[in-house]
Amino acid sequence: MKVVELAEELSGGEFGDARLNRRARVMAEALAQYPNMSIPAALKSKADIEGAYRFFNNDSVKPDCIIASHIEATYQRIDSLDFILCVQDTTEIDLTRPKQQVDGAGPMDCESRRGAFFHPMIAFDAAGVPLGFVGQKSWTREEISRASKAEKAERRRKTPIEEKESYRWIEGLRWAEKAAAACPETTTVCVGDSESDIYDLFAAATASEQPNLHLLVRAGQNRNTTEGQDWVDQVRLAAKIGDQTVAVRARIAKTGTAKSARSRSREARTAELEIRKATIELRRPVHGDRKLPSSITVNVVLCEETSPPEDADPISWMLVTTLAIDTIQQVQRIISSYCVRWQIEVYFRTLKSGCKIERRRFEAIDRVLNALAFFSVIAWRVMYVCHLGRECPEMDCEVMFEPSEWKSVYSVLGEEIPHDGCPSLNEVVRAVARLGGFMNRATDEPGTQTLWIGLQRSYDLSNAWNTFGPGAKNFSHD
């Protein structure tokens, strides 16, 4: 992989210091090659190791500065497309330590678990290729409220949305709005799961003056319409317009006592869904901010599984959107667009398992959050290579890989090196993944885990190829 491209996306930050830009470039070139290694193991040189820790501890280095140039590069990738999905979601960054805790880490679901929260928005094309970040934020909680359920509800009612954690969903919409403004010829859809079912978000989306910005959210609660019905009941009155087959991902419950259908474990399966659609007018919640409009018109697509497996919760998605639903093709595109949302879950796994962000040994939370922003782009790059190999299989592999990288991999695997030209990107991605344990079955595609393991091995092979292989300088092959 041409690491100079990644280095450029991480070394053009708004640090106000050319030395910090150079340091970011050095770190990107090294850490991208060994994403799951510790900083000392990846950088090796004592000067580079000390420089990296100084970089993350520098007062001029902030997460927003680190990803600034990457976001601009993401806009360039978006600008070449007609339709993109800006998917946002939140994950925990668990920094709990057996002894000394990270200074500044806050409580998570309980006081004993300490860490931070990470909320990125990643742009994807319609096929699920990750194009990069258009925004991200991270934060810690100061305390866990010990108030009663009624007291918490009353406090939430009185607290402005801007002071709630849920405001992150509206911030995400603003990031998507900026991307839409930067790429006016691209239809930009802000996508969120059921946590983002917030009336304030619907109001912000419908009030946006950016004509190419749209919203797509999965409903997560009961809401009344101006006709006096719950919105699900109103949509169910509409005639079925078609059927859709979707692949349902497996899920493992976070706790053994999960009660909600959205949080229980399930097996992967193919689900047959009945599709209905409707345009409905939502009423403002009883306790909603009176500054919000009293009603909002949205389009709704209801997808319900009619014959689920025995003992399995039926799939029921109600998708709320500002996209048009006039034709069955438009409806099907909305459903397939929401399916792309699952890719951000794959990204979180890449960030945590591949880049091991939760195991980075920093003493203070500010350093952790700076490292999180830095490694977030590295994790995106691993996922980008994986998906690009699938969606652009015939692309020249040297768009992403140096000759020494793919040639050394081919030699180790016993593959014939072409005399002219080079293999396709898909062929090389599969070959690299084989180094990481991919079985190379014709019906399978490599995942991010086998790819990141294979990439690390390929970098070592490339170094050996450049040092001892054909064409190496100052080395005798006699």
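Hi everyone, let's start right at a helix contact: Tyr75, Ile78 and Asp79 in helix 5 meet Lys178, Ala179 and Ala182 in helix 7. Sorted by class, this contact between helix 5 and helix 7 has four nonpolar residues and two charged ones, with no polar residues. Before I go on, please keep in mind that this is a predicted model.

So how do the two helices sit against each other? Helix 5 covers residues 63-79 and helix 7 covers residues 167-182, and they pack at an angle of about 60°, with axes 9 Å apart. Angles from 65 to 115 degrees would count as roughly perpendicular and those under 35 as roughly parallel, so helix 5 and helix 7 are oblique to each other. As for handedness, helix 5 passes helix 7 in a right-handed crossing.

Now, keep helix 7 in view, please, and let's turn to a pocket. Helix 7 supplies at least two residues of the lining of the second largest pocket, and so does each of strand 5 (130-139) and helix 6 (149-158). Which of these elements gives the largest share of that lining? That would be helix 6, with three residues.

The second largest pocket has a volume of about 790 Å³. Its lining is made up of 20 residues, and those nearest the centre of the pocket are Arg141, Ser145, Arg156, Lys164 and Glu165. And what about the lining by class? The lining of the second largest pocket has 13 charged residues, alongside four nonpolar and three polar ones.

That's my tour for today, thanks for listening!

How values were computed:
Residues are numbered from 1 along each chain as its sequence is written. This is a predicted model: local features need pLDDT of at least 70, side-chain atom pairs count only at pLDDT 80 or more; totals for chains, interfaces and linings use all residues. Side-chain values use heavy atoms; hydrogens and water are left out. Axes are lines fitted to C-alpha atoms, for helices over the stretch in contact, and angles run from 0 to 180 degrees between N-to-C directions. Helices (H or I, at least four residues) and strands (E, at least two) are DSSP runs, numbered from the N terminus. Angles under 35 degrees count as roughly parallel, over 145 as roughly antiparallel, 65 to 115 as roughly perpendicular and the rest as oblique. A crossing is left-handed if the near helix is turned anticlockwise from the far one by less than a right angle, and right-handed if clockwise. Contact means heavy atoms within 4.5 Å. Ala, Val, Leu, Ile, Met, Phe, Trp, Tyr, Cys and Pro count as nonpolar, Asp, Glu, Lys and Arg as charged, and the others, Gly among them, as polar. On a 1 Å grid over the protein atoms alone, a cavity is a set of points where a 1.4 Å probe fits but cannot get out, and a pocket is an open set with protein on both sides within 12 Å along at least five of seven lines; lining residues have an atom within 4 Å of a point. Grid points are joined across faces, edges and corners, and a volume is the space filled by probe spheres set on the points.
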